[in-house]
Amino acid sequence: MADYKKRIVDSILQDRLEAKGAVLIKGPKWCGKTTTTVQKAASVLKMDNPETKEQNLDMAKLNPLRLLKGDVPRLIDEWQLAPSLWDAVRYEVDRRGEMGQFILTGSAVPPDTSEMTHSGTGRFSWLMMRPMSLYESGESTGEVSLKELFSEGYDVDGESGLDMDDLAFLVCRGGWPLSVDLERKAALQQAFDYYDGVVESDINCADGVNKNPERVKRIMRSLARNQGTQAANTVIADDIMANEAGKVNEDTVHSYIGALKKIFVVEDMPAWNPNLRSKSAIRTTDTRYYVDSSIAVASLGIGPDDLLNDLKTFGLLFETMCVRDLRVFAESLGGSVYHYRDNTGLECDAVVHLRNGKYGLVEIKLGGEKAIGDGARSLLKLKSVIDTARMREPSFMMVLTGVGQYAYRREDGVLVVPVGVLKD
């Protein structure tokens, strides 16, 4: 408990407990769901405890309400192992008529939802938890607040201490809480252990269907090569056949990626659909991303030195890391992160959109004055085609960089912010 590193989701969880009878926290294994929720829980039921697992599963079928007895908030960890608990929790929330009764955590979508007869609307609040952002793990100074960027008159100021070597390491290490305090070699090993667990076991839990580990590896490797793109399943299949031994068809790719999504390994980014002055056709295909850059690194079997020798791959996986951080920060603001691309080739890496209609445009660049200038021009061009008679102007335009010491505002109004100074 004394070593617990505070998470941005802590305050969100508290707010949700005050507003609903039950809160469901979903997210990938190892991201810290259990460690975080036990800070709030007054009693705990771990459904995957080997000593009591079979007994718990039997009780969930025979008398699920018995498992819900205990001081509140009661944590039910890995609840998806017994989907019948869902309706039991919903029933108890209704019966008790009080807020903050249960916290459910799950690292997978239940493969069989036939035992769940109620949606949970009005009783549950849903919350996504991801691996740590650089601010949570202590690598970002937090001098620039994403929240404050939505405030008028806010200017940026900050100094990052991260260089290329640091960034390459952080992209490879990822945001797994276990890895943060480990020595370099052990820290880098965590993502490979996570990847092995997905390939050999976890992906099969998504739908109860055993999958060929070698095929899983090929698909995950192709997804890693296509980070930040709108590659269709047919493109993934063609990429595998062009780069790997063996064949795979579109349906197989679809089912395997679907399973990876169910265990929160893959989190694609939806398209943003603004009102435009032009008649450009907006691309609606989701953008491919892993929930953490280190999964892509492990899928490719590479390390920091490989990234430093291949700046194109470095840039793609740096973008994945930045998207992870933006999603963590946006969650705390009640917002979401989208991608924009139209048929003219104009695109924006990330659009942070809040529920009140405010939004910010973000281009992600590893570094370099030319790249920053290109990003700024792209942002200004997108701003110019947005129909501000029908929607707001962007609250900010930002080039989020890796290499770059200072945060500052350019003369054209575009912000340049190193990821090493950003927070929620």
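This briefing walks through two sheets, some helices, a set of aromatic pairs and a few unusual backbone spots. The model is predicted, so please read every value below as computed from it. One sheet is open, has five strands and pairs in parallel; the other is open too, with seven strands and mixed pairing.

**The five-stranded sheet**

- Going across this open sheet, the strand order is E2-E3-E4-E1-E5.
- Strand E2 (43-46) and E5 are the edge strands, and each has a single partner, so one side of each lacks a neighbour in the sheet.
- On average, neighbouring strands here are turned by 20° against each other, direction ignored.
- E1 and E5 run parallel and are joined by five bridges, and Val 23 faces Ser 125 in E5.
- Helix H1 (residues 9-19) packs on this sheet, where it touches E1, strand E4 (102-106) and E5. The direction of H1 makes about 170° with that of E5.

**The seven-stranded sheet**

- Here the order reads E7-E12-E13-E11-E10-E9-E8, in an open sheet with mixed pairing.
- The edges belong to strand E7 (158-159) and strand E8 (336-341); each has a single partner strand, so one side of each is left without a neighbour in the sheet.
- E7 pairs with strand E12 (residues 406-409) in the antiparallel sense, over two bridges. Glu 159 is the residue opposite Tyr 406 in E12.
- Helix H17 (residues 369-385) lies across E8, strand E9 (347-353), strand E10 (359-367), strand E11 (396-403), E12 and strand E13 (415-418). Relative to E10, H17 runs at about 160°.

**Glu 363, a residue worth a look**

- Glu 363 sits in strand E10 and counts as buried because its relative accessibility is 5%, where the cut-off is under 20%.
- Beyond its neighbours within four places in sequence, Glu 363 is in contact with Glu 347, Cys 348, Asp 349, Gly 375, Ser 378, Leu 379, Met 398, Val 399 and Leu 400.
- The side chain of Glu 363 reaches the backbone nitrogen of Asp 349 at 2.9 Å.
- Val 416 is 53 residues from Glu 363 along the chain, and the C-alpha atoms of the two are separated by 9.6 Å.

**Helix H16**

- Helix H16 (residues 311-332) has 22 residues, which at 1.5 Å a residue should span 32 Å; the end C-alpha atoms are indeed 32 Å apart.
- H16 is mostly covered, with 17 of its 22 residues buried.
- Just after H16 comes Gly 334, with a positive phi of about 70°.

**Aromatic pairs**

- The model holds nine aromatic pairs.
- In one of them, the rings of Trp 30 and Tyr 194 have centres 6.1 Å apart and planes at 55°, so this pair is tilted.
- That pair links distant parts of the chain, 164 residues apart: Trp 30 is in the loop between strand E1 (22-26) and helix H2 (33-37), and Tyr 194 is in helix H10 (residues 184-205).
- Trp 30 is partly exposed at 40% relative accessibility, whereas Tyr 194 is buried with a relative accessible area of 5%.
- Trp 86 and Phe 124 form a stacked pair, 3.9 Å centre to centre with 5° between the planes.
- This second pair also links distant parts of the chain, 38 residues apart, with Trp 86 in helix H5 (residues 85-96) and Phe 124 in strand E5 (residues 124-128). Both Trp 86 and Phe 124 are buried.
- Trp 79, Trp 86, Phe 124 and Trp 126 form one aromatic cluster.

**Backbone exceptions**

- Most residues other than glycine have a negative phi, and most peptide bonds are trans.
- The peptide bond from Val 72 to Pro 73 is cis, with omega near 0°. Pro 73 lies in the loop between helix H4 (64-67) and strand E3 (74-77).
- Trp 30, already met in the tilted pair, has a positive phi of about 75° although it is not a glycine.
- Glu 78 has a positive phi too, near 60°, and is found in the loop between E3 and H5. With 9% relative accessibility, Glu 78 counts as buried.

Conventions: Residues numbered from 1 in each chain as written. Predicted model: local features only at pLDDT ≥ 70, side-chain atom pairs only at ≥ 80, totals over all residues. Heavy atoms only, no water. Pairing = 2+ DSSP bridges. Helix = DSSP H or I, 4+ residues; strand = E, 2+ residues; numbered from the N terminus. Contact = heavy atoms within 4.5 Å. Axes fitted to C-alpha atoms, helices over the stretch in contact; angles between N-to-C directions. Buried < 20%, exposed > 50% of the residue type's maximum accessible area, 1.4 Å probe, protein only. Polar contact = N/O pair within 3.5 Å; in protein donor to acceptor, adjacent residues only side chain to side chain. Expected span 1.5 Å × (residues − 1). Phe/Tyr/Trp six-rings, centres within 6.5 Å; stacked < 30°, edge-to-face > 60°.
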